[in-house]
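Colleague: Please give me a close look at the loops. Then set them against the rest of the fold, helix packing included.

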Amino acid sequence: MTLKRIAKELDVSISTVSKALHDDKAISKDTREKIQAFAKFYNYRPNNIALSLKNKQTKTIGLIIPEIVHYFFAKVIAGIEAVASAKGYNVIIGVSNESFDKEVINMDMLVNGSIDGFIMSLSKETLLKQDYHHLKEIISQGIPIVMFDRVMHEIACDKVVVDDRDSSKKAVQKLIDTGSKKILLLTTQDYINIGRLRTQGYLDALKENDMMASPELIVKIKDQTDAELLRKTLESELNQIFDEIPDIDGIFAVNEIFAITALNVARQKGIRIPEDVSVISFSDGVLSQNSRPTLTTISQHGLEMGKNAANMLIHRLEVEEEEEQFELKVIKTELIERDSTK
């Protein structure tokens, strides 16, 4: 038996049930007694966390992100903060550092501190483990979650994403339209959903242009927790690829770190960008804007994503919905052309 079930059975609002169970005199005596008797008969035991959230809002949002030193997440945070501040909410940020355990600990800590709801992007390790028990437990307690960017569609909650597959397809099409015939893909392992979708967009573009996908041109970079080790590993792989396939004339990278590393290796080998090789990347960050040459990118509009996520969560907190119809908001991306493409 839950608050929602009692409300439905007695044809009253969840708020009325909650107030009646706390003997709130704003509810008539007859209604209070009827609700209390019904709850007692069905041995209803309130969830203290959920009740505190329903009745004593802390006006605090918990934000869980995979990493803090990332331009995209910084823009998302700015968007969330702007909306939250305007609506009288505070934001507490927890960083998972791509760790499943850290993600669970952060959520547990924030719940115990009585936040009203969560906005989060899943860690890579959570996606790898495919263990979502902590998310389901939070939702079962009546605490809403809004996921953004890295989401899991099996979890029943609101989500904000971009169309990674279609955006990648358009980026690769840009390379093809400007003359690239042998396009290298720098992507992540398949368990990271955004990398998998961006890889599929690359393949879609090749297929629509009757171009064969070559396995040697699809490089799935193994994840490294050490950024310096990741850079060195990727540089080594790129040096070998450029030596073995000297006629590569396009590169599509699923993030700007991969793309900037490719630019650096190409420059060291005397490869001209974009005369010899054109490069496009996801994530329109500071690195992209200040690299040499500046990098053509797909902007995910992190600020807008953050604003949408905050608005969705606050709406969920403040408006009682009769039916749980969760929203999937798709943010439109933008191809920003700079000096790394023709």
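Modeller: Start with the vocabulary: helices and strands here are DSSP runs, with at least four residues for a helix and at least two for a strand, numbered from the N terminus. Keep in mind that this is a predicted model.

Take Lys59. This residue sits in the loop between helix H4 (48-55) and strand S1 (60-65). Its phi is near 55°, a positive value in a residue other than glycine. Is Lys59 buried, partly exposed or exposed? Its relative accessible area is 27%. Buried means under 20% and exposed means over 50%. Lys59 is therefore partly exposed.

Gln130 also has a phi near 55°, again positive and again not in a glycine. Its loop runs between helix H7 (124-129) and helix H8 (133-140). Gln130 has a relative accessible area of 59%, so this residue is exposed.

A positive phi turns up at Asp11 too, at about 60°. Asp11 comes just after H1.

Next, the loop between helix H12 (256-268) and strand S9 (278-282), where Lys269 lies. Lys269 is partly exposed, at 33% relative accessible area. Leaving aside residues up to four places away in sequence, Lys269 touches Asn239, Phe242 and Asp243. Glu103 is another matter. Lys269 and Glu103 are 166 residues apart in sequence, and their C-alpha atoms are 41 Å apart.

The loop between H12 and S9 also holds Pro274. A cis peptide bond joins Ile273 to Pro274, with omega of about 5°. There is a cis bond from Arg292 to Pro293 as well, with omega near -5°. Pro293 lies in the loop between helix H13 (286-290) and strand S10 (296-299).

Now the surroundings. The protein chain has 14 helices and twelve strands. Of its 342 residues, 49% count as buried. Along the principal axes, the C-alpha atoms fill a box of roughly 85 × 35 × 35 Å. Take contacts between residues at least 6 apart in sequence: 75% of them join residues at least 24 apart.

Look back at H1, which covers residues 3-10. Which residues of H1 are buried? They are Leu3, Ile6, Ala7 and Leu10. These residues span an arc of only 100° around the axis, so they sit on the same side of H1.

Two packed helices are described by the angle between their axes and the distance between those axes. H1 packs with helix H3 (residues 29-41) at about 125°, with the axes 11 Å apart. H1 and H3 are therefore oblique to each other. Their crossing is right-handed. Ile6, Glu9 and Leu10 of H1 meet Lys34, Ile35, Phe38 and Ala39 of H3. By class, that contact has five nonpolar, no polar and two charged residues.

The other pair is helix H5 (residues 71-86) with helix H14 (residues 302-318). Their axes come within 7 Å and cross at roughly 40°. H5 and H14 are therefore oblique to each other, and their crossing is right-handed. Residues of H5 in the contact include Phe72, Val76, Gly79 and Val83. From H14, residues including Leu303, Gly306, Ala310 and Ile314 take part. The contact of H5 with H14 has ten nonpolar, four polar and two charged residues.

Key. Residues numbered from 1 in each chain as written. Predicted model: local features only at pLDDT ≥ 70, side-chain atom pairs only at ≥ 80, totals over all residues. Heavy atoms only, no water. Buried < 20%, exposed > 50% of the residue type's maximum accessible area, 1.4 Å probe, protein only. Arc of directions from axis to C-beta. Axes fitted to C-alpha atoms, helices over the stretch in contact; angles between N-to-C directions. Parallel < 35°, antiparallel > 145°, perpendicular 65-115°, else oblique. Left-handed = near helix turned anticlockwise from the far one by under 90°. Contact = heavy atoms within 4.5 Å. Nonpolar A, V, L, I, M, F, W, Y, C, P; charged D, E, K, R; others polar.
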